[in-house]
Structure formats: structure tokens, C-alpha cells
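Thanks for making time, everyone. I would like to walk you through one model this morning, and I will try to stay with what the coordinates themselves support.

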Amino acid sequence: MPREKDPLWEYGTEEEGKIKCSFCEKGISGGITRFKYHLAQVAQNNVEVCARASPAARDAALAAIADLQSRPRKPRKKKSRTLRPQSGVSGCGSSATCTEPPLALAAPSPTGAGAVVVANHQPRKPKAKDKERIDLLLVKFVVVNNLPFRSLRSPDFQEAILAIANYGPGYVPPTYETFRTKLLEDLKGQAAEYVEEVRRTWASTGCTLMSGAWKDARGRAHVNLLASSPRGTVFLKSQCFVGIPDDVPIVADFLCGAIDEIGPENVVQVVTVNEPDFVAAGSIIEQKYPNIFRSSCAAYCIELMLEEVGKLPYMQSMMLNIKKIVKFLYKNQDVLGLMKEHTKGKELQRPIGSKFLTQVCCLQSIIKSEEVLRKMVISPEWQSSPNCASDEGRLITEVLQGDEFWQTGKEIVGSVEPLVKVLRMVDGDGSTMGYVYEALHRAKEAIKSFHENNVEKYMPLCEIIDSCWHNELQSPLIAAAAYLNPHLFYDNLVTMNAEIRVGLEKVIQKMAPQSDSAQVAQELTRYHARDRKIFSGIGGDLLRTAHPRIWWELCGSEIPILQSLAIKILSQPCSASACERNKSALKTSHVKKRNNLEPKALNNLVHMRMNLQLKKTSVEKRKKDIAPIFLDNIEAFKDSEPISGSKRGGVPLFQDVDDESSSSEGEDEDDSGHAETHGMGYEFLMS
């Protein structure tokens, strides 16, 4: 009969002589004590642990086990037993009666020297000193082996520590040889399995080949290639070029080799870095493979728009004031202490580098603290400070007290925020091709609305957007994807204008078989006429609730050739941001110590590490590619809606004074390209 007094029965029920877990629904035999080990995720007594137990249940079970171990036990009478000697084995004698203690669990020594590690102690309630000792051993391991402190933030590290704790005190780490042979090979198999899983989907969704370039500590240029699709992003290969890759045929051959490995019929577009040699190589690819497009990175193009906006005179004047304010507040300890006192310890978001976007984020953080900063500069402590009484201090006081600074600052943030929201959208890992066209149109409308249709204020911004669009970003794929986005098309948000028509014609000409041209025309006519067989029922229900690719998969069977074409187009990203985000991981794989490896071993290590990292992000990517992207929130900044900071991918958007984010072995030094802004800045405006 169950013991009703035990609180752990709350998490299980008795069925057929076993306790059925409420979390994983597995039956645990042996009574409530074994069930406690199950909930506590302690792998002892041959109990299978519960991976789904809630933290509250796990803590309660651990406390119950600790209480059991701390109870005094009644001494047992030792029983004697007669051991019969076996041939070749010395015992206590042929008729000796031996009294033996219980055997202790033992494991081989990790040193391999024949020593034995005894592991017969039972779980007990941990003490504070035990925790301190283990923490100190962990710190010692990190410091002695010159590991970066940020390794402790890694989810993989946390997962490994938890797994070791759940295993119990008998765990012995693998030997050096086991690690570098069997275990590394097993991990390589996991990476290969993920790559193959993604490859199998390319025939139906197509993929985007994206490239990124970076330099190592020796100044050698590396180009890495990734392939992105809704199922996930995979790392293909990386090649080192002696010197800067300025030979167009060499770059083109490198890209063409990757296309041949993927299969030209599976590649929809190639997104390259916006260097002249790569643009020229893209032209060679379009000639060699008529069905493939060469596209510019949308994230880079939108950042280019923002940089051009930052060159407007009133923008530059404001950014100069921002630099002066931040420099003054942070270079004097008494002033910094006074600021933290008024902001209750809150820091300003300080820009890194000279990127305009990070400067705007700094301005936004100052605007959020407008009230406290205004009060600070009129406080007795500020006025009595020698630093604040200096010429520089009086200038800062005058700026922060004046209304012009705050009005202009809010105008700048409101002017750029719609573009920042578009940047955030295209910089993600999802399939965003079907939204770029409409998103930029709404960004321009939001800027006009923010300036209340004042032509003198909004026109310079819109002219910059239009110029970058026509010179850098405009693409037949983007135009066709906008028209084939069923939500935008059905609601007349995108109409068949000249730009859409020309883009759609080029896409059909390049991607649809010539033999199917008449059938494509008929199907396109039905789609354009909003045929009820296509858009009624589930087709109408999913218009605004599913990603455009999902809509075509579920509702496009009436027009199968156009369906296949639309799925491939709407499955693509429009940026090479995955290359930029994984640049740091690639650099780490090429540190000085690992460069001593054989080229094949190094390439295997890089391939395995990159794809294991990409596998972790693939789950989130798949979730994004199921839901639609809502463009209704592309609007300007409002006073009543302050925007708080956030982090992306575990990387701080701005580096605080006490933040440990420095590189190890130079792996993150000299990061160039638009990743500087992607990693730090714009999401501060977007949380």
C-alpha cells in the first residue's frame, strides 16, 4: 500500500505494482525510494532517470534522498560464509571461515597506472564547502589550460556538468586515446547525420549557397561556404587563399565546386560578400548555371542604407554630442558614480567602433534615461563636482538641459527604427525572401508618417533607401517572392506592377523547365484570378497564419508546377548572416595550436564543429519557418513606448566595463564586415 504521508506520491500513481511517473509516464518498480531516485535524476540502483521532471520535483526528491542518507542506520549482524577455494586461486584455506566486508564499487584509474578509484560512498546532502571546493577545481582547470572564461556560458558545458552529476559518483572521464579516436569519431557521425538530414530536403525546397570571408592571424584570407534551407544550415567547406582572393577565376572555381557537390538543380541563389571579385565571380556562376541567381546580402545593403543616413549633417552633429557625453560620464569616477546613483546602477549602452547603428543604440539608451539625466545635471552633487565645473562639464550640462538635444535625438531614433526592424528581419535564419519587398515599402511609409509627411525631413531618407535598393539589393527573386506570398497578394498589398512583372518573368524563365512554360502560364492565371479552389477553405484559413512556404505546400496542389517553383523561392533567406555569425567559431578552429594538425584532420575538425553548432540552431530555425512574419509593427519610435535592450545569440549587444568577453588566442580579433553591427547594436532597438 502506498505511504500517503510521503509527499513524493504527488508526482506518481500506483499501477500494477509500479509507480507511474506523472512526467514521463514510465513505471518504476521497487517502491517510493527508487521512485525518488527516478525523480531526482540520479542514475543509481539501476533506476532509469526522468528527463522531464520539473525542477520542484527534482529538488524535493534530492532533499528526500539526502534525508534518507543522513538517518542513522541500525548495525547489521555480520554473517560468515565459507569460501571454497578454486584451482589456481589462493583463498583463506580449504575450510577457512572468512568474514568479508561488502565489496566497494571500483573503477579504473584515468591515469591507467593500475590504481583503483573507490566509489562506494552513498549520496549525501551537499555542504557549502563541497560546492566551493568543486568551483575552485573548475576555475583551476579553466585557468591552467588557458580556456576562455566564456566557455562557462556554453549550453554544452552546462549540459555536460548536469549529465555528470546525474550519472553519480562512479563516473570516470574517458582517456586521451578514447577521446581522440572513438568518441571523436562518434561525434563526427552525429554531425554527418545532421548534414545528410538537411541534404535530403534540398530537392524540394532548394537551398542558398552563402559565402563569407575572414583573415587569420597570419593575414591569410579564408572563405567559408554554407548552405541554408528551411530544414537547417550546414557548413560545406572553408578554403585558405594565399593573400587576398583577388583572382576572379579562382573564386569562381571554388564556388562552382561547391555548387557541383550540392547539385546545380538544388541551388536557387548564391549570396556572396559584396566585394568586386565575388560579384564578378557571381556573374560567372550565372552564366555557367542558367537556373541560379547571384544575390547581394540584404543585411549588408540595409546597413549600407543606415550608414548613408548617418552621414546627413544633423545626424553627424548629434553623434558628436553623443560621443562627448559618454566620454565625459565614463572617464571620471566621481561623475560615473553620480550617474549610477541617479540611474540606480543602470549603465548607458556604449557603442563599439564607429558604426552608425551602434551610436543610435547609445542615443536610444540616453533618451530612455532622459528624466534622471536632466535631474542629475541640476543636482547639488553635480554642481559641486570639480569635474562638472570644468569647461567640458559645463558643456555637457548645457547639452543635457536643453530641449533641442532631446527633440533631435528622438527624431533620429524614430527615423531609423523602421529600417532597423527590417534589418532584424532579414538578418535572422528564417526564410525571409517573401517579405523583403513589402517590408522596405512599409519602412518608407513609416518614416513619412513619423515626420508627418514633411517632405524636407523624410525625402533625404527615402532617397537613400531607393538608391541602395536600385544599386545593391533589387533582385528578380525578391520581386517574384513578394508576388507569390499569398497573404500579400490576396490582400492587394503587392500588385502586379512593372517591377514585379519583370522579376517574375525572369524567375520563371530561369527556374521553370521550358517544356512547362505553357502550363506555368495557365497556373499563374488561376493564381492571379484568386481561384476559389486555391484560396477557399484551408487555403483561406492559412493565408495569415502560416508561412508562405507552408501555405504552398498545403494548398498549392491545384497548380503543381507553380507550387514547386513557389516553394523553392519562398524557402530562401536573403542574407549571408549565418556566415558572419559563425565567423568566430571558424577562427577558433584555426588557432595556432590546431594549425599544427594535418590539413585533413583540421578540415574534419572544422566541419564537425561548425555543423554541430549549426545543428543546435536548426530547431529554432524550423520554428521560425512555420509561422508567418508580421509586418504591421514596422513603425517609428514613440515616446510612450521605450524600447529595452536585449541580447542575440548569447553575445552582449554592448560591452560593459566589467564584461568578460575578450578573445582567446586572438580568435576574435580584427572582425571586419557587417558582423560588427549584426552582433552588437540593432536588437537593442527591437526587443
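I will go through a sheet, a polar contact, the cysteines and the aromatic rings, in that order.

Please keep in mind throughout that what you see is a predicted model.

Let me begin with the sheet, which is open and built from 3 strands in the order E1-E2-E3, with antiparallel pairing. Its edges are strand E1, covering 12-15, and strand E3, covering 27-28, each of which pairs on one side only. Between E1 and strand E2, which takes in residues 18-21, there are 4 bridges, and the two run antiparallel; to give you one partner to look up, Gly12 is bridged to Cys21 in E2. Across E1, E2 and E3 lies helix H1, residues 32-40, running at about 25° to E2.

The polar contact involves Gln158, which sits in helix H4, residues 155-167. The side chain of Gln158 reaches the backbone oxygen of Leu152 at 3.0 Å, while Gln158 itself is partly exposed, its relative accessible area being 45%.

Now to the cysteines: how many disulfides does the structure hold? The count is 0. Cys468 shows why one residue stays unpaired, because the closest cysteine sulfur to its own, in Cys301, is 7.5 Å away and therefore too far for a bond. As for its surroundings, Cys468 counts as buried at 6% relative accessibility, and Cys555 is buried too, with a relative accessible area of 6%.

Finally, the aromatic rings, where the structure holds 14 pairs. One of them joins Tyr483 and Tyr527 in an edge-to-face arrangement, with 5.6 Å centre to centre and 70° between the planes. Because Tyr483 belongs to helix H19, residues 476-484, and Tyr527 to helix H22, residues 517-528, this pair ties together parts that are 44 residues apart in sequence. Both Tyr483 and Tyr527 are buried.

Tyr527 also pairs with Trp552, and here the geometry is tilted, at 5.3 Å centre to centre with 35° between the planes. Since Trp552 lies in helix H25, residues 548-555, and Tyr527 in helix H22, the pair links parts that are 25 residues apart in sequence. Trp552, like Tyr527, is buried.

Which residues make up the aromatic cluster around these rings? Tyr483, Phe489, Tyr490, Tyr527, Phe535, Trp551 and Trp552 together form one cluster, and that is where I will stop.

Notes:
Residues are numbered from 1 along each chain as its sequence is written. This is a predicted model: local features need pLDDT of at least 70, side-chain atom pairs count only at pLDDT 80 or more; totals for chains, interfaces and linings use all residues. Side-chain values use heavy atoms; hydrogens and water are left out. Two strands pair if DSSP finds at least two bridges between them. Contact means heavy atoms within 4.5 Å. Axes are lines fitted to C-alpha atoms, for helices over the stretch in contact, and angles run from 0 to 180 degrees between N-to-C directions. Buried means under 20% relative accessible area, exposed over 50%, partly exposed in between (1.4 Å probe, protein chains only). A polar contact is a pair of N or O atoms within 3.5 Å; within protein, one must be able to donate a hydrogen and the other to accept it, and residues adjacent in sequence count only if both atoms are side-chain atoms. A disulfide is a pair of cysteine sulfur atoms within 2.5 Å. Rings of Phe, Tyr and Trp (its six-membered ring) pair if their centres lie within 6.5 Å; planes under 30 degrees apart count as stacked, over 60 as edge-to-face and the rest as tilted.
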